[in-house]
Amino acid sequence: MKTAVRKVTENYGKDKTRLMDILIDTQSEFGYIPREATLQIAEDLGMSEVDVDQTISFYHFFSQKPTGKYKIYLNTSVVANMMGMKEVAATFQKELGIKFNEVTSDGLVGLFETSCIGMNDQEPAAIINNRIFTRLTPFRVKEVVRDIKEGKDVDDMFVQDYGDGENRSDLIKSVVSNNIRKIGPVLERNFKPGQAIEKLIKLTPEEVIEEVKRSNIRGRGGAGFPTGLKWEFCRNAKGEKKYIFCNADEGEPGTFKDRVILTERPRLLLEGMVVAGYAVGATEGILYVRYEYKYLQQHLESILEAARKANYLGKNILGKKGFNFDIRIQFGAGAYVCGEESALIESAEGKRGEPRDRPPFPVEKGYLDMPTVVNNVETLCAAVKVVLNGGEWYKSFGTTESTGTKVLSISGDCRFPGVYEVEWGFSVTDILDMAGAAKEDVQAVQVGGPSGAIIAPNEFGRILGYEDLATGGSLIIIGNKRDILSDVVLNFTEFFIDESCGSCSVCRIVPTLLRNKLVKVLNARGVQKDIDDMYEWGRILRASRCGLGQTAANPVLSSLKNFRNLYEEKIQKNKDFDSGFDLNNAVKESCKATGRVSNI
Ligand code: SF4
């Protein structure tokens, strides 16, 4: 074991800032991260064992005990549940003879739950040994379990079906279809790699920044910070080296557009990183990709290699003396909070993905304390088109405050889930029409994932854009048959509980209190005071340190605002207090756990 671990640490120059890669490779070698390996890594990197443990314990996909030769991670998010996840989960448990979070006694299979894996347009879905299995049914699960028991390689368990995918590399092993339903000026097909770089090198970096500022493009991750301004701050910041990060950690449940871009338009994205690198004066780009998309690794590496051969990356790019820029891929290991830019940087430095206090902002002091730009996948793709066609051209799409287009991830109760590129300024009703959902069958739309808002039909006329309802692009359509409180609000609140990094007490505690209150209401034990408490406590969360905590109460608060009747229907009237403790139920549960017979 020692030699194998040493080989891994040496591959990364025994650099402790590459701890994430070292842990990912170690886990891939042994199936988990054994204690001996942790000790060896600590010794090789000159770190304490506790520091290595801290990083391991932070991420969902790292394990310090064996998790089975086949590791099954079933997505249990809201849309998976809508599409039949519970039957799929029950079939996995029955066929394998284990419950979730268990490993079969022969060590063959481990069964685990995970939050949204970016496949909302084809749920229920699972990751098995880094391969994606979509549209699972109980029948399909039986086939998969049979294949596992026969010892088949995971790549031989499905027929590859690329659907209408394009630019697809043979190196992608999966049955994922990318469901691009509407293409606009950013994702259009006629982009030729190198086009923007050729134009770029005839401009000065300042001219590029001016053009991007003229376009008024704002960050597409959800926060909407002006991209040109961010680049200018970074260009003007002092530092020996500068970095461009592409944030492809899309962990917001319901979002999958970045997955589609990484698969179908990777050359456009990489060119966007080159554009940003030139403008800012950076020499290194880091494409931070969520671990759930590990199946895209070979595909992305091959695109990078081709770009190097064409001198779109490397030294003196396309003959421009001194224009040096290259890109490496950094995988995460399962942590929603790493979508926050400073947490993402911490993670890329090999640490726990805990958000930093700001200021200083990453543009001044980011990766390895150097000036760093962190941009969303979609923002970088749009920047290429701005360089090619000009800021004025880009501004001709969309609205005054929200220029250009937005790539949406639409899922839930509709006929055509998938990715749509539309001009800003559309209404929720337009979206329902596009996605094939009859307005009368829809009781709510979740805009912007759990951290966004759940809106009712009386708001379907609202316009999506920074002027009214901003969104990172996730829209989940919730049909009339769904129970908003138990199917959506409870699931999202539990998601935030799982994903809090735990460093602020308010974010560590209040979501759990909200969940407990919600369960009390759902169990018909709630009273008016519980609703009032949820409202007050939810507001307290807004004082949290980062966006995760600040928005963790949104499922409760926005449903209280728009669907208060659902809470009021369930609470006890004419009662001021109820502890929520159900003695009969507690005795029954206890008897069930201990195998005793209940007389109640
Ligand atoms: Fe961590 Fe939550 Fe605090 Fe953000 S708000 S830093 S996720 S504890």
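**Close-up views of the predicted model**

**Figure 1. Asparagine 216, with a relative accessible area of 29%, is partly exposed.** This view, like those that follow, is taken from a predicted model. Asparagine 216 belongs to the loop that lies between α9 (205-215) and α10 (227-236). Its phi is near 60°, a positive value in a residue other than glycine. Most residues other than glycine have a negative phi.

**Figure 2. Alanine 524 is a second residue other than glycine with a positive phi, here near 65°.** The loop that holds alanine 524 lies between α19 (505-522) and α20. With a relative accessibility of 43%, alanine 524 counts as partly exposed, since that class begins at 20% and ends at 50%.

**Figure 3. Two cis peptide bonds precede proline residues, one at proline 124 and one at proline 360.** Most peptide bonds are trans. The bond from glutamate 123 to proline 124 is cis, with omega near -5°. Proline 124 is placed in the loop between β3 (109-114) and β4 (126-128). In the other case, proline 359 is joined to proline 360 by a cis bond whose omega is about 0°. The loop around proline 360 lies between α14 (341-348) and β10 (372-376).

**Figure 4. Strand β8 (residues 284-289) is largely enclosed by the rest of the structure, because six of its six residues are buried.** Both faces of the strand are covered. On one side, Glu284, Ile286 and Tyr288 are buried; on the other side, Gly285, Leu287 and Val289 are buried as well.

**Figure 5. Strand β8 pairs in the parallel sense with β7 and with β9.** Strand β7 (residues 243-248) is joined to β8 by six bridges. Within this pairing, phenylalanine 245 has isoleucine 286 of β8 as its bridge partner; isoleucine 286 is also one of the buried residues of β8. The pairing of β8 with strand β9 (residues 326-331) likewise extends over six bridges. In that pairing, glutamate 284 stands opposite aspartate 326 of β9. From β8 the chain reaches β9 by way of helix α13 (residues 297-309), in a β-α-β crossover that is right-handed.

**Figure 6. Six strands form an open sheet with mixed pairing, in the order β6-β12-β11-β15-β13-β14.** The edges are occupied by β6 (180-182) and β14 (453-455). Each of these two strands has a single partner strand, so one side of each is left without a neighbour in the sheet. From one strand to the next, the twist averages 25°. At the β6 edge, two bridges join β6 to strand β12 (residues 418-423), and the two strands run parallel. Lysine 182 of this pairing stands opposite tyrosine 420 in β12.

**Figure 7. Helices α11 (residues 257-264) and α15 (residues 377-389) pack at an angle of about 50°.** The axes of the two helices are 9 Å apart. The angle makes α11 oblique to α15. On the α11 side, the residues that meet α15 are Lys257, Asp258 and Ile261. Their counterparts in α15 are Val377, Glu378 and Cys381.

**Figure 8. Helices α20 (residues 528-540) and α22 (residues 554-562) pack at an angle of about 130°.** Here the axes are 9 Å apart. The angle makes α20 oblique to α22, because only angles over 145 degrees count as roughly antiparallel. The crossing of α20 past α22 is left-handed. Helix α20 contributes Ile531, Met534, Tyr535, Gly538 and Arg539 to the contact. Helix α22 contributes Val556, Leu557 and Leu560.

**Figure 9. Serine 486 is located in helix α18 (residues 484-499).** With a relative accessible area of 27%, serine 486 is partly exposed. When neighbours within four places in sequence are left aside, serine 486 is in contact with Asn491 and Leu522. Valine 78 lies 408 residues from serine 486 in sequence, yet the C-alpha atoms of the two residues are 9.9 Å apart in space.

Terms used. Residues numbered from 1 in each chain as written. Predicted model: local features only at pLDDT ≥ 70, side-chain atom pairs only at ≥ 80, totals over all residues. Heavy atoms only, no water. Buried < 20%, exposed > 50% of the residue type's maximum accessible area, 1.4 Å probe, protein only. Helix = DSSP H or I, 4+ residues; strand = E, 2+ residues; numbered from the N terminus. Pairing = 2+ DSSP bridges. Right-handed = clockwise from strand over helix to strand, strands pointing away. Contact = heavy atoms within 4.5 Å. Axes fitted to C-alpha atoms, helices over the stretch in contact; angles between N-to-C directions. Parallel < 35°, antiparallel > 145°, perpendicular 65-115°, else oblique. Left-handed = near helix turned anticlockwise from the far one by under 90°.
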